[in-house]
Amino acid sequence: QVQLVESGGGLVQAGGSLRLGCAGPGRTFSTYLMGWFRQAPGKEREFVAAITWSGDTYYADSVKGRFTISRDNAKNTYLQMSRLNVEDTAVYYCAASPGGTVGDGRTYLHWGQGTQVTVSS
């Protein structure tokens, strides 16, 4: 099982920013769709953002205009989160997909362990 490793989570005040990183195993995922999902306590996992190998980006409505996904096509994918609010508190997961529906978690075959993001009011 290929492992993705997230980094950058933590505690931040509402209105603040955080940058999450996701490291993959070399160039294995250079042509993969890379995505970020999150799961808050007591809630279903939800799609946050995704980026194709060519740089096309997709966002959930709840984060559009506040979050930015990017990748360096070597092995790293990033999620820049700005204007955070308490509703953004969740465990954030990085995932990789060979292709398919962008917002469907079942499309993604490889997942990281998750990183906690907590936004205080």
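Guide: A residue is called buried when its relative accessible area is under 20%, and exposed when that area is over 50%. The structure discussed here is a predicted model.

Visitor: How many aromatic pairs are there, and what makes F29 and Y32 a tilted pair?

Guide: The count comes to five aromatic pairs. The rings of F29 and Y32 are 4.8 Å apart, centre to centre, with 45° between their planes. The limit for the centres is 6.5 Å, and planes neither under 30 degrees nor over 60 apart count as tilted; at 4.8 Å and 45°, F29 and Y32 therefore form a tilted pair. Both F29 and Y32 fall in the buried class.

Visitor: Why is the pair of F37 and W111 called tilted, and where in the chain do the two residues lie?

Guide: Their ring centres are 5.1 Å apart, which is within 6.5 Å, and the angle of 55° is neither under 30 degrees nor over 60, so the pair is tilted. F37 belongs to strand β4 (residues 33-39) and W111 to strand β10 (residues 110-111). The pair links distant parts of the chain, with the two positions 74 residues apart in sequence.

Visitor: How do you know whether F37 is buried or exposed, and W111 likewise?

Guide: F37 has a relative accessibility of 1%, which is under 20%, so F37 is buried. W111 has 18%, which is also under 20%, so W111 is buried.

Visitor: Which residues are joined into a cluster by ring pairs, and what makes R45 count as a charge over the ring of F37?

Guide: The cluster consists of F37, F47, Y108 and W111. R45 lies over the face of F37, 5.7 Å from the ring centre, and this distance is within the limit of 6 Å. A second charge over a ring is that of R19, whose charged end sits over Y78 at 4.0 Å from the ring centre.

Visitor: What makes C22 and C94 a disulfide?

Guide: A disulfide is a covalent bond between the sulfur atoms of two cysteines. The sulfur atoms of C22 and C94 are 1.9 Å apart, within the limit of 2.5 Å, and therefore count as a disulfide. A search of the whole structure finds one disulfide.

Visitor: Why is the disulfide of C22 and C94 called left-handed?

Guide: The torsion about its S-S bond is about -75°, so the disulfide is left-handed. The bond links distant parts of the chain, since C22 is in strand β3 (residues 18-23) and C94 in strand β9, 72 residues apart. C22 has 2% relative accessibility and so counts as buried; C94 has 0% and so counts as buried too.

Visitor: What makes β9 and β10 paired strands?

Guide: They are joined by two bridges in the antiparallel sense, and pairing requires at least two, so the condition is met. In this pairing, A95 stands opposite W111 of β10. Strand β9 is also joined to β4 by seven antiparallel bridges, where W36 has C94 as its partner. Three bridges connect β9, again antiparallel, to strand β11 (residues 115-120), and V91 has its bridge partner Q116 there.

Visitor: What makes strand β9 mostly covered?

Guide: Strand β9 spans residues 90-97, and six of its eight residues are buried.

Visitor: Why is R66 called buried, and what makes its approach to D88 a polar contact?

Guide: R66, in the loop between β6 (57-59) and β7 (67-71), has 11% relative accessibility; this is under 20%, so R66 is buried. The side chains of R66 and D88 meet at 2.8 Å, a distance within the limit of 3.5 Å for a polar contact. Other residues touched by R66 include Q80, R83 and N85.

Visitor: Is Q113 buried or exposed, and how do you know?

Guide: Its relative accessibility is 62%, which is over 50%, so Q113 is exposed. Q113 lies in the loop between β10 and β11. Q113 and L4 are 109 residues apart in sequence, yet 7.5 Å apart in space from C-alpha to C-alpha. The contacts of Q113 include L4 and Y93.

Visitor: Why does T107 count as buried?

Guide: T107 has a relative accessible area of 13%, which is under 20%, so T107 is buried. This residue is in the loop between β9 and β10. A polar atom of the T107 side chain lies 3.1 Å from the backbone oxygen of T101.

Terms used: Residues are numbered from 1 along each chain as its sequence is written. This is a predicted model: local features need pLDDT of at least 70, side-chain atom pairs count only at pLDDT 80 or more; totals for chains, interfaces and linings use all residues. Side-chain values use heavy atoms; hydrogens and water are left out. Helices (H or I, at least four residues) and strands (E, at least two) are DSSP runs, numbered from the N terminus. Buried means under 20% relative accessible area, exposed over 50%, partly exposed in between (1.4 Å probe, protein chains only). A polar contact is a pair of N or O atoms within 3.5 Å; within protein, one must be able to donate a hydrogen and the other to accept it, and residues adjacent in sequence count only if both atoms are side-chain atoms. Contact means heavy atoms within 4.5 Å. Rings of Phe, Tyr and Trp (its six-membered ring) pair if their centres lie within 6.5 Å; planes under 30 degrees apart count as stacked, over 60 as edge-to-face and the rest as tilted. A charge sits over a ring if NZ of Lys or CZ of Arg is within 6 Å of the ring centre and within 35 degrees of the ring normal. Lists of a residue's contacts leave out its neighbours within four places in sequence.
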